[in-house]
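Hi,

Here is the structure I promised to pass on. Have a look at it first, and then read my notes underneath.

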Amino acid sequence: MKQFLSRITFWKATAGLFLLGGLVTTVIRFGWGLGASTNLTDETPWGLWIGFDVVTGVGLAAGGFTLAGIVHVFHIKRFEPVVRPAILTAFLGYCLVIVGLLFDLGRPWSIWHALIYQNPHSVLFEVAMCVMIYTSVLALEFSPVVLERFRLQKALKVIKYVTPVLIILGILLSMLHQSSLGSLYLIVPQKMHPYWYSPMLPVFFFISAVAVGLGMTVVESYLSARAFQKTLETPLLRDLSKMMIGVLLVYFTMRGIDLVRRDALGFLFDGSFETMMLYLEVSLMLIIPLILFNLRNWGRSRQGMFFSAFSVVLGFMTNRLNVTMTSLEAYYRENFGVSYFPGIGELMVTISIVTLGFVLFGLAVKYLPIFPDHEEETVLRLDTKPENSGPHAMHARPVPGLNRH
Amino acid sequence: MPHAILVDLTECVGCGACTTACQQVHQFPEVENPTMDAQNFTTLRAIETEDGEVYARQMCQHCQDPACASACLVGALEKTRDGAVTWAANKCIGCRYCMVACPFDIPKYEWASNNPKVRKCTMCYMERQLTTDLKVDAEGYVLDRSGERYDIDGHNVKAEDRDMIIELTTNADGKRASACSVACPMNSTMFGDRAALIGEAQRRIKDNPDTYVQKIYGLKEVGGTSVFYLSSVPFEDLGFYTNVGTENLPDHTWRVLEKIPDIVVTAGVALGAVYWITNRREEVRKFEQDVKNQRSQKKA
Amino acid sequence: MVALFVILFVVLLLGIDLFIQARSKRYPIMAAAPSVAAHAHGRETLRIPKSVFFHPGHTWARLQDGDALEIGIDDFVQKALGGVDRIALPAIGEFVRQGDPVITVGHGNRQLHLVAPASGYVRSVNHDAVENPGMVSENPYRDGWLMMVEPAELARNLSVLHVAENAVTWIKEEVKRFREFLNASAAQPALVGEAMLDGGVPMAGVLAQLDEQHVSDFEKQFLR
């Protein structure tokens, strides 16, 4: 508890600093436009806000549909305790993606135009529709948590009744837009590095989203355990890690075959920056987790599972940023002689959005029945000083489990 | 009748009349030797070659199947029947996917603005429709036929600017054309019927094989465009985008998008079936458990 | 470059976090002052979760998804021992019977054998807790669980166990009994003077001050 307090104060101060920077940038962004607040240019129109906040963010929120599917469609009820934190992450994640998008759009007030001026030939239109509908579906999937908290039985019944439909709808929508974030880049075959441009991009995006959805659940669970003493059982986490590794093996097998078929392997030893980034991606997403997972003590311990899942999350980020940024760097350099690096304001906004995610997640875990150990407990005080009845005095004071921190 | 532009670089003397006319017709500040940005839709780069200086003009290619129009989620970018690719200010939400998608990196953005617009060459599409018989409202703005203010890329036209715009987009024969082609003193930039211009280009390279490289840039690129170039030096040497391929770029995304209905139906049915089967299994298990419990209770 | 930067940044944050964690564990003096809430869960309190089944031998079991039992030791015995610094558990697959002493925990020069609260096959053990026994002292009912058992005769086992209000009453009785046990052992000079002056006995770590005989008595009287 003591250690926890010191840690929280450090991080609180840091978070406050970032949020302040984010706030200042927000003022600049909406007061003076994108040019004043970002390093975006005509040559590099998409930067960190699209690459990380949107493309990576949506992927990191994939645990919601993955676990909802495992538990409610495949009826593997063992994983039931994982569903709520996963759906919470997904819901918060999508809300924050939309916040990030509002920063990045040049005319955010016209975002609703996607509803009336529809271009079915646009991948982005499909992504926009799916993200919009899926965020609503997530709100409904998440609503039982809130309804339970306020004991609204009737509404709960209605939601429970439509849950299977919601879950299946959610999976379909996720399949579509998770993959479509990859399809976005299909239209620029000549601009991207062959490592990352592939006609299979949508499939790769979907499969890696499933893997990172599982990974994120393990990571969250570990962090919540540290911060709130609320967590999931180790065997459950181990099974999630196993599934994650399985999906990753499928993913990298497919990517390997794809690289061979497109003759992109020739670059593997050219020592270029792109090659290094590919190595980093594969190491973080596959090799390190595999090694950690198979180490005797580490693979079974909570720490080991956390670090292997965290490595997958890092690798996933690398992959998404490689597709959205690294793969285009050479093109920008050769055609315009420019390279993009996010400005301090862009960084601040992105960090603020992530911080906001942490804060909201923390608040939700604290005040809503998210993790299964929301149990009450009695705390018995053993007074060393006798009160009235001699040396054996003591009194019981019931304390709800929530007040533990 | 779709229009197109043919630029014969061998005729170009690099006078810059096209870039100036472009700035004038859009009422942009006049800059010499401009680079492509939100206030310059065409550029002229002087390039030293073995045959002396060549002036490489660049502008929107007005693709037959434009990647930008396919990318735009609200359909703000549109390939008109006229041949021009236009942009609708009232639809755009500012996502800039068009800028990413464009194989020629043409669309530019008003980064300094709080209500930014995507700007690019529109082959003077709206300028060419502007006529003297259009009405003017009380505040002095030209109205279109439906009574709305005449809109060129989100800007309204003042009555006093109308004649200037019409003059800049009317050539010697009295036909309406893009400002750059009207301004070109060497007739290096030609505006006209697409098929006729292709024929002219083919005739030129066939008749003068020693002058021209045997290629009409823009004819096959990204499945065909509406702006063609002829040159005496290879286009690679002039910094043209020569690796854009000959396939319609929107096909790459459409191949995936067109599968969506099938995917939704197949996956929906499959998920429904899995749900039904596993749910049923669960019910059966519960039922058997109940029966077992009842039996053991009876025994007891 | 952006990708590399983002990854390095995240790794840096993780590194800082791990550093702070490690430092605050090594030098608790650097940590902030304990709050009131922390005190409520300090050494002189006992936690009794509502959904946990207590064996009279001060071990607990919790039902998991209907087909598994989580097992651990309770706050009472953990406090009396003054914390846990080593744990020995049965092997995975082994059958444990309710009431058989199968769990061994130790602190300093004291070692206690605790019984299984229910019968069944050991499905998994908490390697984390075995490697880092501090987890048991921190929260014996959550991260400090010890093993997962596949129950064999759950219905019969449950009748022996205390739960909810029942458990609270029972623990109160146990504390009372423990005080009496300590008073009876008060002939020992170590305990006189330190604790008896104010009439109560600080429970935490008190076992360390008893001699072997009394610890053995404690095991017989409280842990069976």
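Below is what I found, going from the chains down to single residues.

First things first: this is a predicted model, so please read everything here in that light.

**How the chains sit together**

Two pairs of chains are in contact, and of these A and B share the most contacts. Chains B and C, on the other hand, do not touch, with their nearest C-alpha atoms 12 Å apart.

**Chain A: a nonpolar patch**

On the surface of chain A there is a nonpolar patch of about 660 Å². Its members are Leu102(A), Ile111(A), Trp112(A), Leu115(A), Ile116(A), Met132(A), Ile133(A) and Leu169(A). Two elements of chain A, α6 (113-116) and α7 (123-149), give two or more residues each to the patch. Trp112(A) sits in the loop between α5 (80-104) and α6 of chain A. Is that tryptophan buried or exposed? Neither, quite: Trp112(A) has a relative accessible area of 46%, so it counts as partly exposed.

**Chain B: a two-sided helix and a buried threonine**

Take a look at helix α5 of chain B, residues 159-168. Arg162(B), Ile165(B), Ile166(B) and Leu168(B) are buried there. Viewed down the axis of α5(B), the buried residues fall within an arc of 160°, so they line one face of the helix. The face turned away from that buried side carries Glu160(B) and Glu167(B), which are exposed. And what covers the buried residues of α5(B)? The cover includes α1 (17-25), α4 (125-129) and α6 (179-183), which belong to chain B as well.

Also in chain B, Thr80(B) lies in the loop between β4 (77-79) and β5 (85-87). Its relative accessibility is 10%, so Thr80(B) counts as buried, the limit being under 20%. Leaving aside residues up to four places away in sequence, Thr80(B) touches Thr86(B) and Tyr125(B).

**Aromatic pairs**

Over all chains the count comes to 41 aromatic pairs. One of them, Phe28(B) with Phe41(B), is edge-to-face, at 5.3 Å centre to centre and 85° between the planes. Both Phe28(B) and Phe41(B) lie in the loop between α1 and β2 (43-49) of chain B, so this pair ties together parts that are 13 residues apart in sequence. Phe28(B) and Phe41(B) are both buried.

Another pair is in chain C. How are the rings of Phe54(C) and Tyr141(C) arranged? Their centres are 6.0 Å apart and their planes are at 75°, so this pair is edge-to-face. Phe54(C) belongs to strand β2 (residues 53-54) and Tyr141(C) to the loop between α5 (134-138) and β10 (147-151) of chain C, so the pair ties together parts that are 87 residues apart in sequence. Phe54(C) is buried, and Tyr141(C) is too.

Chain C also has an aromatic cluster, formed by Phe76(C), Phe178(C), Phe181(C), Phe218(C) and Phe222(C).

**Chain C as a whole**

Chain C has eight helices and ten strands. Of its 224 residues, 51% count as buried. Among the contacts in chain C with a separation of 6 or more, 66% come from residues 24 or more positions apart. The accessible surface of chain C is about 9700 Å², and 59% of that belongs to carbon and sulfur atoms.

Cheers

Methods:
Residues numbered from 1 in each chain as written. Chains lettered and ligands numbered in written order. Predicted model: local features only at pLDDT ≥ 70, side-chain atom pairs only at ≥ 80, totals over all residues. Heavy atoms only, no water. Patch = residues over 30% accessible without salt bridge, like charges linked within 9 Å, V, L, I, M, F, W, Y side chains within 5 Å. Areas by Shrake-Rupley, 256 points an atom, 1.4 Å probe, with all protein chains shown as cover. Salt bridge = Lys/Arg side-chain N within 4 Å of Asp/Glu carboxyl O. Helix = DSSP H or I, 4+ residues; strand = E, 2+ residues; numbered from the N terminus. Buried < 20%, exposed > 50% of the residue type's maximum accessible area, 1.4 Å probe, protein only. Arc of directions from axis to C-beta. Contact = heavy atoms within 4.5 Å. Phe/Tyr/Trp six-rings, centres within 6.5 Å; stacked < 30°, edge-to-face > 60°.
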